[in-house]
Amino acid sequence: MNFIFEPWHWCVLGILLILSELILPAFAALWFGVAAVLVSILLWVFPEMSFVLQLVCWIILSISCTLLWFKFIKPLSVDKTKAGLPREATIGQTGMVIHVGLDAELIRVRFSLPVLGSDEWNCRSLLPVNVGDRVRVVDIIGNELLVQPHNNATSPL
C-alpha cells in the first residue's frame, strides 16, 4: 500500500508548524509552516508532483522564507531608539536647534532618532547657536543634554 501525500496533508502540516510557533520560541517553525502551505498550493496546481519533488520544494521554500525574513523583514523591526542604553550611546548624537532663548541659556533640540526615549530635548549649549544649527551631544548633566555646534564637535569643552 502506497501512501500518497495530498495537498491537504501539506496544508495541515503547515498549519501545525505555524501553530507550534505559539509554543516554541525559535521563530523557525513559522517559516517551515509557510513553506508547507506553499507546497500544498503548488500540489493543488501541479497534482502530478512526486513526493521527492514535494520535499525538495519544501526545503527550498523553507530556506528561502527564512532568508527573506532575516534579510528584509527583521531589519524593519529593529528598535532604533537609544532608550535604555548607556550614556555613551547618547554622546555624539546630532540634532537640530528648533528654539533658542529659553530660560537660563537653554535651547530646544530635535533629534532625528529618539535620544533616551524622546526626540526633543532642552539642552545647554557651550557656544551660541541659532535656530537651524546642527549640534552634537557632548555630555549629560542631570536631566539636560550639553551640546555644542556640530562643526566644533571635535574640540573638547
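Let's start with the packing of helix α2. Its buried residues pack against α1, residues 7-20, and α3, residues 51-73. Keep in mind that this is a predicted model. Which residues of α2 are buried? The list reads Ala29, Leu30, Trp31, Gly33, Ala35, Ala36, Val39, Ser40 and Leu43. Here is the general point behind that kind of spacing. An α-helix has 3.6 residues a turn, so residues three or four places apart point the same way.

Now the length of that helix. α2 covers residues 29-45, which is 17 residues. At 1.5 Å a residue, the helix should span 24 Å. The C-alpha atoms at its ends are 24 Å apart, so the expected span and the model agree.

Next, the surface. There is a nonpolar patch of about 830 Å². Trp8, Val12, Leu16, Leu38, Ile41, Trp44, Val45 and Phe46 make it. Which elements give two or more residues to this patch? They are α1 and α2. The largest share, four residues, comes from α2. Trp8, for its part, sits in helix α1. So α2 has two things to show you: buried residues that pack against α1 and α3, and the largest share of the nonpolar patch.

On to the strands. I'll take β5 as the reference.

Strand β5 runs over residues 144-149. Is it enclosed or open? Five of its six residues are buried, so the strand is largely enclosed by the rest of the structure.

What does β5 pair with? One partner is β3, residues 118-125. These two run parallel, and three bridges join them. To find the register, look at Cys123, which stands opposite Leu145 of β5. Then look at Arg124, which faces Leu146 in β5.

Another partner is β4, residues 134-141. Here the pairing is antiparallel, over six bridges. Ile141 stands opposite Glu144 of β5. β4 and β5 form a hairpin with two residues between the strands. Which residue there takes a positive phi? Gly142 does, near 60°.

β3 also pairs with β2, residues 106-115. That pairing is antiparallel, again over six bridges. Leu106 stands opposite Arg124 in β3. So Arg124 is a useful landmark: Leu106 is opposite this residue in the β2 and β3 pairing, and Leu146 is opposite in the pairing with β5. β2 and β3 make a hairpin as well, with two residues between them. Leu116 is in that turn, and its phi is positive, about 50°.

Now β1. The strand spans residues 94-99, and Met96 lies in it. Met96 has 36% relative accessibility, so this residue counts as partly exposed. What does Met96 touch beyond its neighbours within four places in sequence? Its contacts are Arg108, Val109, Arg110, Gly132, Asp133 and Arg134. Phe111 is 15 residues away along the chain, with its C-alpha atom 6.5 Å from that of Met96.

Two of those contacts, Arg108 and Arg110, bring us to the charges. How many salt bridges are there? The count comes to three.

Take Glu120 and Arg108. They form a salt bridge, with the closest N and O atoms 3.4 Å apart. This pair links distant parts of the chain: Glu120 is in strand β3, Arg108 is in strand β2, and they are twelve residues apart.

Glu120 also forms a salt bridge with Arg110, where the closest N and O atoms are 2.3 Å apart. Glu120 is in β3 and Arg110 is in β2, so this pair ties together parts ten residues apart in sequence.

Then there is Glu144 with Arg124. Their side chains meet in a salt bridge at 2.7 Å, N to O. Glu144 belongs to strand β5 and Arg124 to strand β3, 20 residues apart along the chain. Through shared partners, salt bridges join Arg108, Arg110 and Glu120 into one network.

How accessible are these side chains? Buried would mean under 20% and exposed over 50%. Glu120 has a relative accessible area of 21%, so this residue is partly exposed. Arg108 is partly exposed too, at 27%. Arg110 is at 43%, also partly exposed. Arg124, at 30%, is partly exposed as well.

That's the tour. Back to where we ended up on β5: largely enclosed, parallel to β3 and antiparallel to β4. Happy to take questions.

Notes: Residues are numbered from 1 along each chain as its sequence is written. This is a predicted model: local features need pLDDT of at least 70, side-chain atom pairs count only at pLDDT 80 or more; totals for chains, interfaces and linings use all residues. Side-chain values use heavy atoms; hydrogens and water are left out. The expected span of a helix is 1.5 Å times one less than its number of residues. Buried means under 20% relative accessible area, exposed over 50%, partly exposed in between (1.4 Å probe, protein chains only). Contact means heavy atoms within 4.5 Å. Patches are made of residues with over 30% relative accessible area and no salt bridge: like charges are joined within 9 Å, nonpolar side chains (Val, Leu, Ile, Met, Phe, Trp, Tyr) within 5 Å. Accessible areas come from the Shrake-Rupley method with a 1.4 Å probe; for residues, only the protein chains shown count as cover. A salt bridge is a side-chain nitrogen of Lys or Arg within 4 Å of a carboxyl oxygen of Asp or Glu. Two strands pair if DSSP finds at least two bridges between them.
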